[in-house]
Amino acid sequence: MDSGARNTMSRDIMREISNLASYRRARTVLAYAGFGGELQTEDFLRRTLDLGKTLLLPRVNRETKSLDIYEVKDLERDLESGTWGIREPNPGICSPADIRAVDFVLVPGVAFDSRGGRLGYGAGFYDRLLANRPSQAWLVAGAFEIQMIEHVPMQERDVPVDVIVTEQRHYLS
Ligand SMILES: Nc1ncnc2c1ncn2[C@@H]1O[C@H](COP(=O)(O)OP(=O)(O)OP(=O)(O)O)[C@@H](O)[C@H]1O
Ligand SMILES: [Mg+2]
């Protein structure tokens, strides 16, 4: 996929996600800074701040092999290039946050199926983080239609997403 197509589709997908009732009413949003060939989330992060919502982003903790989440208030000031070159919150600037306060999660993934099955990068970072999610939290993935596959094998610890939005349609699980 060339970057032009990726930009256009990312914009469409993120606009749809911003229109979801679960996002509109969310006060605290956990999202991610896309990297490489992933969905581009930059505008969504900016919009979340502009709407006055609390924005949380994850940071890889190499010692605990888990994701720590921090509140980000300013995308230019608060982020640094972290593990795998992903932009992450600078812990010297940002306050640690609690997953239990989250009511909307933009979940990343490599592949998805129509029932909300999700394949990540194989480290279980998100499955471990989302294991502690509060019951009110909506888990939403934005993905390109080419990431949709017939069936993602899911095990007990794999956390499915509630909604997947692609450039073509919404999948509600
Ligand atoms: N809640 C959990 N507690 C402990 N280990 C877990 C938990 N969730 C997943 N794991 C383990 O993490 C490893 C990787 O999980 P998996 O293959 O599902 O990764 P993934 O979903 O692709 O990655 P990610 O969640 O980072 O996107 C597996 O060995 C899995 O059993
Ligand atoms: Mg998994």
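Colleague: Which residues in the largest nonpolar core touch the most other members?

Modeller: Ala 31, Leu 56, Phe 104, Val 105 and Val 140, out of 44 residues in that core. Keep in mind that this is a predicted model.

Colleague: What makes a set of residues a nonpolar core?

Modeller: The members have to be buried residues of the nonpolar kind, such as Ala, Val, Leu or Phe, and they have to be joined through C-beta atoms within 7 Å. The largest such set here has 44 residues. In soluble globular proteins, nonpolar side chains tend to be buried together.

Colleague: Take one of those hubs. What does Val 105 touch, leaving out residues up to four places away in sequence?

Modeller: Leu 30, Arg 133, Ala 137, Leu 139 and Val 140. Two of the names there, Leu 139 and Val 140, belong to strand 10.

Colleague: Why is strand 10 said to be largely enclosed?

Modeller: Because 5 of its 5 residues are buried. Both faces are covered, too: Trp 138, Val 140 and Gly 142 lie on one side, Leu 139 and Ala 141 on the other, and all are buried.

Colleague: Which strands does strand 10 pair with, and how do you know they count as pairs?

Modeller: Pairing takes at least two bridges. Strand 7 (residues 104-106) is joined to strand 10 by 3 bridges and runs parallel to it, with Phe 104 opposite Trp 138. On strand 11 (residues 163-165), there are 3 bridges to strand 10 (residues 138-142), again in the parallel sense; Ile 164 is the bridge partner of Ala 141. Both pairs pass the cut-off.

Colleague: What order do the strands of the open sheet take, and what is the sense of the pairing?

Modeller: The 8 strands go 6-3-2-1-7-10-11-12, and the pairing is mixed.

Colleague: Why are strand 6 and strand 12 called edges?

Modeller: Each has a single partner strand, so one side of each is left without a neighbour in the sheet. For strand 6 (residues 95-96), that partner is strand 3, antiparallel over 2 bridges, with Glu 71 opposite Ser 95.

Colleague: How many bridges hold strand 2 and strand 3 together, and in which sense?

Modeller: 7 bridges, in the antiparallel sense, between residues 54-61 and residues 66-72. Pro 58 stands opposite Ile 69 there. The two strands form a hairpin with 4 residues between them.

Colleague: What makes Lys 65 in that turn worth a look?

Modeller: Its phi is positive, about 50°, although Lys 65 is not a glycine. Trp 84 is another such case: phi is near 60°, again in a residue other than glycine. Trp 84 sits in the loop between strand 4 (79-81) and strand 5 (87-89).

Colleague: Are those two buried or exposed, and how do you know?

Modeller: Exposed means 12 or fewer other C-beta atoms within 10 Å. Lys 65 has 11, so it is exposed. Trp 84 has 10, so the verdict for Trp 84 is exposed as well.

Colleague: And why is Met 14 called buried?

Modeller: The threshold is 20 or more, and Met 14 has 22 C-beta neighbours inside 10 Å, so it counts as buried. Met 14 is part of helix 1 (residues 3-19). Leaving out residues up to four places away in sequence, Met 14 touches Thr 41, Asp 43, Phe 44 and Gly 142.

Colleague: What share of the protein chain is buried overall?

Modeller: 36% of the 173 residues.

Colleague: How do you know the radius of gyration agrees with a compact globule?

Modeller: For 173 residues the globule rule gives a value near 16 Å, and the protein chain has 15 Å, so the two agree. The C-alpha trace spans about 45 × 35 × 30 Å along its principal axes.

Colleague: Last one, ligand 1. Which residues come nearest, and what is the shell made of?

Modeller: Gly 120, Gly 124, Tyr 126, Asp 127 and Arg 157 come nearest, out of 13 residues around the ligand. By class, the shell has 6 nonpolar, 3 polar and 4 charged residues. Helix 5 (residues 125-130) gives the most, with 4 residues.

Methods:
Residues are numbered from 1 along each chain as its sequence is written. Chains are lettered from A and ligands numbered from 1 in the order in which they are written. This is a predicted model: local features need pLDDT of at least 70, side-chain atom pairs count only at pLDDT 80 or more; totals for chains, interfaces and linings use all residues. The radius of gyration is taken over C-alpha atoms; the globule rule is 2.2 Å times the number of residues to the power 0.38. A residue is near a molecule or strand if its C-beta atom, placed from the backbone, lies within 6 Å of it. Ala, Val, Leu, Ile, Met, Phe, Trp, Tyr, Cys and Pro count as nonpolar, Asp, Glu, Lys and Arg as charged, and the others, Gly among them, as polar. Two residues are in contact if their C-beta atoms, placed from the backbone, lie within 7 Å.
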